[in-house]
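Got your viewer open? Here's a short walk through one chain, stop by stop. Keep the selection box handy.

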Amino acid sequence: MISEKMVKAINDQINAEMYSAYLYLAMKAYFESQNLLGFANWMDVQTKEEMVHAMKFYGFINARNGRVQLGAIEKPPFEWASPLAVFEAVYKHEQIVTDLINKLVDLAQGEKDHATVSFLKWFVDEQVEEESNDVAVIQKLKLVQNAPGGMFMLDNELAQRVFTPPAVPVQ
Ligand code: FEO
C-alpha cells in the first residue's frame, strides 16, 4: 500500500517532469529562432524524454492504485543570452531535478516503501546521465566560444541525437 504522502510527492514530480518538457520545448523554439536546428533537435529529444519521465511516474501511481492529480504547469522563460546560457540553465535545472528525485528516495526509504525505492532507482541513474550530457555540451560550447566554424560543427553533432522510445510503453 502506497501512502497518500508518497502519492502526493510523486504527483508533484509529474508536474516537475512536465515543466522540464515545457522548459526544453521553449529552448527548442529559441534555437529554431536562431536557426540552430541541431541544438533544436537536442531539445526536441530532451522534451520527449521528459514526457516519458512524467508518464513513468503517472503509470506508477496507477499501478500502486493511487490517484493521479495534475496541476498547473509554470510558464517557462522565453529568452536566453546565448546557447551557452541555455545549456547552463539546463544543467542548473537538472541539478534541481536530481535533488527532487533524491528527496523522493529519502521519503520512500523513510516509509519503508521498497516498491517505490526500486522504481526510483531508474531515475537516480537517469539523472547521472542527464547531468553528464549537459556538462559535455557546456564544455564544447566553452571550447568553441561562439566561433562560427565550431558552432556549425557542434550544431551538426547535436543534430545526430535520436529519441529512443521506451521498450515497454509507459501509460
Ligand atoms: Fe526528467 Fe531531465 O529529468
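Helices here are DSSP runs of H or I, at least four residues, numbered from the N terminus. With that in mind, Asn-35 sits in the loop between helix 1 and helix 2. Before you click on, remember that this is a predicted model.

**Stop 1: two loop residues with positive phi**

Stay on Asn-35 for a moment. Its phi is positive, about 60°, although Asn-35 is not a glycine. Asn-35 has a relative accessible area of 59%, so it is exposed.

Now select Gln-145, in the loop between helix 4 and helix 5. Here too you'll find a positive phi in a residue other than glycine, near 45°. Is Gln-145 buried or exposed? Its relative accessibility is 65%, so Gln-145 counts as exposed.

**Stop 2: helix 5 and its two sides**

Select residues 148-158, which make up helix 5. Color Gly-150, Met-151, Leu-154, Asp-155 and Leu-158: these are buried. Why do they end up on the same side of helix 5? Because they cover an arc of only 135° around the axis. Pick another color for Pro-148, Phe-152 and Met-153, which are exposed on the other side of helix 5.

To see what covers the buried residues, show helix 2 (37-63), helix 3 (83-110) and helix 4 (114-144), which are among the elements doing the covering.

**Stop 3: where helix 2 meets helix 5**

Hide the rest and keep helix 2 with helix 5. Two packed helices are described by the angle between their axes and the distance between the axes. For helix 2 and helix 5, the angle is about 35° and the axes are 7 Å apart. The crossing of helix 2 past helix 5 is left-handed.

Show side chains at this contact. From helix 2, pick Leu-37, Gly-38, Phe-39, Asn-41 and Trp-42; they meet Met-151, Leu-154, Asp-155 and Leu-158 of helix 5. Sorted by type, the residues of this contact come out as six nonpolar, two polar and one charged.

**Stop 4: Trp-42**

Zoom in on Trp-42, in helix 2. Its relative accessibility is 4%, so Trp-42 counts as buried. Which residues does Trp-42 contact, leaving aside its neighbours within four places in sequence? Look for Phe-87, Asn-133, Asp-134, Val-137, Leu-158 and Arg-161. Then draw a C-alpha to C-alpha distance from Trp-42 to Ala-159: you should get 6.6 Å, for two residues 117 apart in sequence.

**Stop 5: Phe-39 and the cores**

Move to Phe-39. Not counting residues up to four places away in sequence, Phe-39 touches Phe-31, Pro-83, Phe-87, Leu-141, Met-151, Leu-154, Asp-155 and Leu-158.

Phe-39 is also one of the residues with the most contacts inside the largest nonpolar core, along with Met-27, Phe-31, Met-43, Val-86 and Phe-87. That core has 23 residues. Helix 1 (4-33), helix 2, helix 3, helix 4 and helix 5 each supply at least two of its residues. Which helix gives the most? Helix 1, with seven residues.

Next, switch to a second, separate core of 20 residues, including Ile-10, Val-97, Val-105 and Leu-107.

**Stop 6: Glu-49**

Go back to helix 2 and select Glu-49. Buried or exposed? Glu-49 is buried, with a relative accessible area of 18%; the cut-off for buried is under 20%. Leaving aside neighbours within four places in sequence, Glu-49 is in contact with Glu-126, Glu-130, Arg-161 and Phe-163.

**Stop 7: along helix 4, then one more loop**

Two picks in helix 4 come next: Glu-129 and Ser-132. Glu-129 is partly exposed at 45% relative accessibility, and Ser-132 is partly exposed too, with a relative accessible area of 44%. From Glu-129 to Glu-111 it's 27 Å, C-alpha to C-alpha, with their positions 18 residues apart in sequence. Ser-132 and Glu-50 are 82 residues apart in sequence and 16 Å apart in space, again C-alpha to C-alpha.

Finish at Ser-82, in the loop between helix 2 and helix 3. Ser-82 is buried, with a relative accessible area of 18%. One last distance to draw: the C-alpha atoms of Ser-82 and Tyr-30 are separated by 9.8 Å, and the two residues are 52 apart along the chain.

Notes: Residues are numbered from 1 along each chain as its sequence is written. This is a predicted model: local features need pLDDT of at least 70, side-chain atom pairs count only at pLDDT 80 or more; totals for chains, interfaces and linings use all residues. Side-chain values use heavy atoms; hydrogens and water are left out. Buried means under 20% relative accessible area, exposed over 50%, partly exposed in between (1.4 Å probe, protein chains only). The arc is that of the directions from the helix axis to the C-beta atoms. Contact means heavy atoms within 4.5 Å. Axes are lines fitted to C-alpha atoms, for helices over the stretch in contact, and angles run from 0 to 180 degrees between N-to-C directions. A crossing is left-handed if the near helix is turned anticlockwise from the far one by less than a right angle, and right-handed if clockwise. Ala, Val, Leu, Ile, Met, Phe, Trp, Tyr, Cys and Pro count as nonpolar, Asp, Glu, Lys and Arg as charged, and the others, Gly among them, as polar. A nonpolar core is a set of buried Ala, Val, Leu, Ile, Met, Phe, Trp, Tyr and Cys residues joined through side-chain atoms within 4.5 Å.
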